[in-house]
Amino acid sequence: MNIMIEHIYKIIKNEYFLVSIIIILAFGVRLYRINSPIADWHSWRQADTASVSKIYVERGIDFLFPRYHDISSIQTGIFNKEGLRLVEFPLFNAIHATLYKSAPQISLEVWGRLTSIFSSLFSTFLIFLIGRKFIGKWGGLLASFFFAFLPFNIYFSRVILPEPMAVAFGLLSLWLFVKFIDSERSWVLFSSAAVCSIAILIKPFVFFYAAPAIYLALKKYGIRKIIFNWRFLLALDITLVPFFLWRAWINQYPAGIPFWQWAFNGDRIRFRPAFWKWIFGERFGRLILGVWGIVPFSFGLLDAKRKNYFN
């Protein structure tokens, strides 16, 4: 009996068992009203994304000419007679449509949410791996736990949008880069660059995920070895060239490119009082940290003055 209890205790104490429990529970909470209509927050954007997937189901997958059910000039300022939807590279839509066609008894809306949920669960596991590497087993488990169960993140990791998939690819790229730092194998570096390229094609903001990778590279190699190392230069090309090719392609069809100037301060609101309130008061303070989460976050910032920012 004692041997059995000891064996059970070892299983429960095992970090992979615990992260499995986190992932299972995370999957469960994301199933809440999964079959509800696309009428929740950001419904218009979710409907646009689902529309591309629906046309892929009906007409076949066309990566170069994704279309949706809108031929108006509302989103682009130009009459869009072909209904082109040229924003992110439509990998999410291709996977969404393929999953639906493989099991059409599950609705297109549910498959769209499941596609994001599966991406989010993969991200949860990657966060555990990265956290375990730099802040220990319990740090990795806590990081994955909060990623999995923050209410704000629960909602935005089950939407019919490409962001959860972009995050998953971005984290996978970062994890592969960490493995490269440890092993210095070129194929691992190039794999990280290729995955990062896919993430950036899905959502360009993933480029900011390069910050910790740059930190790790500078810490180990120094700036001179990075600049004059052919492996890093080739990895940079692998990462960025597909994105620039995609942008060059879609720029030929401006009717399919929605307004984007606002992202670069086109409305002149950036750094004004309303901007800081929106970022730190509404998004960060209330929606993400839930007000009370500001307290432990502040303690974490106060304790961050150290040489190694990962330990």
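P212 belongs to helix α9 in this predicted model, and with a relative accessibility of 24% it counts as partly exposed, because that value lies between the 20% limit for buried residues and the 50% limit for exposed ones. Along the chain P212 and V291 are 79 residues apart, and their C-alpha atoms are separated by 27 Å.

Helix α9, which spans residues 210-221, is also one of the elements that give two or more residues to the largest nonpolar core. That core has 43 residues, and those with the most contacts inside it are F177, F180, L189 and F232. Besides α9, the elements giving two or more residues to the core are α2 (15-30), α5 (108-149), α7 (163-183), α8 (186-202) and α11 (230-250). Of these, α5 supplies the largest share, with 14 residues. As a general background, nonpolar side chains tend to be buried together in soluble globular proteins.

L189 offers a way into the core from a single residue. When its neighbours within four places in sequence are left aside, L189 is in contact with F177, F180, R231, F232 and A235, and among these partners F177, F180 and F232 are, like L189 itself, listed with the residues that have the most contacts inside the core.

L189 also takes part in the packing of two helices. The helices α8 and α11 pack at an angle of about 20 degrees, and their axes are 9 Å apart; α8 is therefore roughly parallel to α11, because angles under 35 degrees count as roughly parallel. The crossing of these two helices is right-handed. On the side of α8 the contact is made by S186, L189, F190, A193, A194, C196, S197, I200 and L201, while α11 contributes W230, R231, F232, L234, A235, I238, T239, L240, P242, F243 and W246. Sorted by type, the residues of this contact divide into 16 nonpolar, 3 polar and 1 charged.

The loop between α7 and α8 holds E184. This residue has a positive phi of about 60 degrees although it is not a glycine, and at 36% relative accessibility E184 counts as partly exposed. A positive phi in a residue other than glycine is found at R33 too, where the value is near 50 degrees. R33 is placed in the loop between α2 and α3, the latter helix covering residues 43-59, and R33 is exposed, with a relative accessible area of 53%.

Two further residues, S120 and N93, lead back to the helices and to buried positions. S120 lies in helix α5, the element with the largest share of the nonpolar core, and S120 is buried, with a relative accessible area of 2%. Apart from its neighbours within four places in sequence, S120 is in contact with R30, F147 and S157. N93, in turn, is found in helix α4, which runs over residues 91-102, and N93 is buried as well, its relative accessible area being 3%. Not counting residues up to four places away in sequence, N93 touches T49, V52, S53 and Y56.

How values were computed: Residues numbered from 1 in each chain as written. Predicted model: local features only at pLDDT ≥ 70, side-chain atom pairs only at ≥ 80, totals over all residues. Heavy atoms only, no water. Core = buried A, V, L, I, M, F, W, Y, C linked by side-chain atoms within 4.5 Å. Buried < 20%, exposed > 50% of the residue type's maximum accessible area, 1.4 Å probe, protein only. Helix = DSSP H or I, 4+ residues; strand = E, 2+ residues; numbered from the N terminus. Contact = heavy atoms within 4.5 Å. Axes fitted to C-alpha atoms, helices over the stretch in contact; angles between N-to-C directions. Parallel < 35°, antiparallel > 145°, perpendicular 65-115°, else oblique. Left-handed = near helix turned anticlockwise from the far one by under 90°. Nonpolar A, V, L, I, M, F, W, Y, C, P; charged D, E, K, R; others polar.
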